[in-house]
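Reader: Hello! I have just opened a structure that is new to me, and I would like to learn how to read it. Could you walk me through it?

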Amino acid sequence: MTASTLVTLLTDFGHRDPFVGIMKGIILSRCPAAQIVDLTHEILPYDIRGGSLVWRAALDVFPAGSVHVAVVDPGVGGSRRALVAEIEGRLCLAPDNGLLTCPLLEGGPARIFALTATRYWRHPVSASFQGRDVFAPVAGALAAGEALEAVGTPIADPIRFDVPRPRREAEGVTGEILWVDRFGNCLTNLTPGDVGDWERTPVEIEIEGRPFGRIVTHFGAVPDGAAGGVMGSMGYLELFVNRGNCAARWNLAVGDRVRVRRGETSSASRIVI
Amino acid sequence: MTASTLVTLLTDFGHRDPFVGIMKGIILSRCPAAQIVDLTHEILPYDIRGGSLVWRAALDVFPAGSVHVAVVDPGVGGSRRALVAEIEGRLCLAPDNGLLTCPLLEGGPARIFALTATRYWRHPVSASFQGRDVFAPVAGALAAGEALEAVGTPIADPIRFDVPRPRREAEGVTGEILWVDRFGNCLTNLTPGDVGDWERTPVEIEIEGRPFGRIVTHFGAVPDGAAGGVMGSMGYLELFVNRGNCAARWNLAVGDRVRVRRGETSSASRIVI
Amino acid sequence: MTASTLVTLLTDFGHRDPFVGIMKGIILSRCPAAQIVDLTHEILPYDIRGGSLVWRAALDVFPAGSVHVAVVDPGVGGSRRALVAEIEGRLCLAPDNGLLTCPLLEGGPARIFALTATRYWRHPVSASFQGRDVFAPVAGALAAGEALEAVGTPIADPIRFDVPRPRREAEGVTGEILWVDRFGNCLTNLTPGDVGDWERTPVEIEIEGRPFGRIVTHFGAVPDGAAGGVMGSMGYLELFVNRGNCAARWNLAVGDRVRVRRGETSSASRIVI
């Protein structure tokens, strides 16, 4: 147990109810030295895909040994397992419903355990709030130095959802919008490899067939109110409107298809180079 | 003073304004080792009953010696007293307007003090933000080890509101909805004693005269979109719609009456048993 | 580095995305002993004036040596500088877009530096999230004891916006609404000097020409639903409706003009005195 084990929380619990505070009370009872950080509690109710994506985006700024709890749990109280995965030295707890998909995808080989050692749980275990009764007390025990082997049993078959992959076509690559943030910026699944060397070869973005804008260096590279794309802070193409709400102005949502195409000029340039 | 006294906050201050952060600055100035946990700041403005209920629900996961501040305070600046109650070893600070009702109700005998020692307060004391000027500095002092007797004067007559009690009738028990959570689940005031042995004797739920559903083991025991009840994590009957928003679909709100009735089959069974 | 350097955060990031949690991960990686306090993350997107005002209101309850990060940053990724100012012993980090205006206004002489020492930053630096890549790591370094001189270069020309000042007239003073809080209370820029000795000389408030109410001692000094003003907790005149939402009932917003006038009675009294 270190003096300040970091524990993060990600849920769809919102802020009206005392659920998150109750989980923190349990964690701090088991590990008084824990430092708890909220990732977000505004995942849409039951949105496992969105939760998994946001979770992955946040994890890598935390050090090895940190403990991460995600609870988006429509199947609570049923037979779904509760899991903990060790991914690049971080311990990630979640119900076995797909939440671990994105963290597992990019984190290399993982050790995964089902939480089976009920002596670490809070009793009686309720049918509707296992964030309090299972995940928080086990997270507290792990933060206090308990071994993975003590809290569970190895498994190899966590539930995963299909992560949408960009599709390469004759004239470009088609991906999709995965997340819309508070500003209306739209995170896609298009990587630097998909868009190529956009600084030398202008890249045009189309959304559901409509011309949208170009990839630029930063928001202010287009006039106020104009649209564009940046290679965003999460490592993916993000669509934006400078000082505006892109999702609202362009009526965009998760799942909309985004196509990037190298422009005429750029093809010409590439031949020269 | 321990190395990590837990201090929790519950208010109707919301998240737009810096009020909560300001209270934390004061508490940490008086007790740098405090660990502060937010219970919720989204109590509806001036909703003393809702705040009291949520407060009680959260307190019991925190250890003896922890300090708990609740500020829902429409009477701020007037003659209402500021109180601290010691309930099962926890120190609970609140304006004297009924907020302490639920924590006092279930916590056994309490020592209650009016906060009268103005030397612990922040001066000048404002007429509109005594969370900052009275409750936070006194909470910080208590978290740092100050005695109850030092900060106030014993009283015996805190204001309490009438807590709605279930009514037993010939064919069942009628309670009411006390709280609607972020998912639309509806917490009632019906206890295990009110609903009986629902696992052996099916129990039917009616809301304002409409048939609603049965008590089941967990959300997933009914089909997606179907309604039911579970004995919830707070120890009361909770109404839900599986993977849906019960309050929205059934148009339910705090105060709606909920009746539980043992079904025909069950009555028959009970005779046999 | 003290055992518990306080670090506060104020942003327009909201609560849906993991941005704030990511900043905390970076800060705690650089300074594990930091105590992080959220001031607010619900500044309206890009509202630099509102952010600056709220920031100033919160700072003065924090001790010298504390570190304060504000990120409302529509110009992120462009050529705008990143700054840190030492104001009354507190270290305040923000983009150079006016956010520092209010803290600088009332804080006396300040030392101001542009953040130029890129070795403290997180690399690669993104074009859209310098809260993570610049402000958080530098704040962590400062919280851990790094010197201002190490992280930047002195400057003397931070961007400031014009702060609206009350205008004295023959029959009173006209100010304006600067902030509307969660309860609908409206903070103005009118000071005790502007309103005079309202307890001896009744002061009438008019809003955009409409009679509004008088300044009173506290909310409960007028009947439920009635309007009035109090000398509020931030040191300015605040408009309220007792147990109601003033902004909603009176249709008020930031920028609306508020006039205070000493009443007939009061003028008479003043002659006598």
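**Reading the interfaces, the core and one loop**

Author: Gladly, and let us begin where two chains meet: the count between chain B and chain A is one salt bridge. Please keep in mind that this is a predicted model.

Reader: Which side chains meet in a salt bridge there?

Author: They are those of B:Arg182 and A:Glu42, at 3.8 Å from N to O. Polar contacts add to the picture, with twelve residue pairs found across the interface of chain B and chain A, both partners at pLDDT 80 or more. On the chain B side, β2 (35-40), α2 (48-59) and β9 (172-180) each supply at least two of the residues that touch chain A. The most come from β2(B), which gives five residues. Sorted by class, this side of chain B holds 14 nonpolar, eleven polar and six charged residues.

Reader: How do I read the size of such an interface?

Author: The general idea is that size is often given as the accessible area lost when the parts come together. Here, chain B and chain A bury about 2600 Å² between them, and 59% of that lies on carbon and sulfur atoms. B:Val61, B:Arg182 and B:Phe183 supply 27% of the area that chain B buries against chain A, more than any other three residues. In terms of residues, 31 from chain B are in contact with 33 from chain A.

Reader: And what do chain A and chain C bury between them?

Author: About 2600 Å², with 59% of it on carbon and sulfur atoms. From chain A's part in this, A:Val61, A:Arg182 and A:Phe183 supply 27%, more than any other three residues. The contact takes 31 residues from chain A and 33 from chain C. One salt bridge is found across this interface, and it joins the side chains of A:Arg182 and C:Glu42 at 3.8 Å, N to O.

Reader: Now the inside, please. What should I look for?

Author: In soluble globular proteins, nonpolar side chains tend to be buried together. In this model the largest nonpolar core has 71 residues, and those touching the most other members are B:Val84, B:Leu93, B:Leu115, B:Leu142, C:Trp55 and C:Leu100. Helix α4 (residues 130-143) of chain B gives the largest share of this core, eight residues. To see one member at work, pick C:Trp55: beyond its neighbours within four places in sequence, its contacts include C:Leu10, C:Leu39, C:His68, C:Cys92, C:Leu100 and C:Pro103.

Reader: How many helices and strands does chain A have?

Author: Chain A has eight helices and 15 strands. Its C-alpha trace spans about 65 × 35 × 35 Å along the principal axes. Of its 273 residues, 61% count as buried. Looking at contacts in chain A with a separation of 6 or more, 67% are between residues 24 or more positions apart.

Reader: Could we finish with a single residue? Does A:Asp96 count as buried or exposed?

Author: A:Asp96 counts as buried because its relative accessibility is 6%, below the 20% cut-off. Find A:Asp96 in the loop between β5 (90-95) and α3 (101-106) of chain A. Its side chain makes a polar contact with the side chain of A:Arg81 at 2.8 Å. The side chain of A:Asp96 also reaches the backbone nitrogen of A:Ile159, at 2.8 Å. Leaving out residues up to four places away in sequence, A:Asp96 touches several others, among them A:Arg80, A:Leu83, A:Asp157 and A:Pro158.

Key:
Residues numbered from 1 in each chain as written. Chains lettered and ligands numbered in written order. Predicted model: local features only at pLDDT ≥ 70, side-chain atom pairs only at ≥ 80, totals over all residues. Heavy atoms only, no water. Contact = heavy atoms within 4.5 Å. Buried area = accessible area lost by both parts, 1.4 Å probe. Salt bridge = Lys/Arg side-chain N within 4 Å of Asp/Glu carboxyl O. Core = buried A, V, L, I, M, F, W, Y, C linked by side-chain atoms within 4.5 Å. Buried < 20%, exposed > 50% of the residue type's maximum accessible area, 1.4 Å probe, protein only. Helix = DSSP H or I, 4+ residues; strand = E, 2+ residues; numbered from the N terminus. Polar contact = N/O pair within 3.5 Å; in protein donor to acceptor, adjacent residues only side chain to side chain. Nonpolar A, V, L, I, M, F, W, Y, C, P; charged D, E, K, R; others polar.
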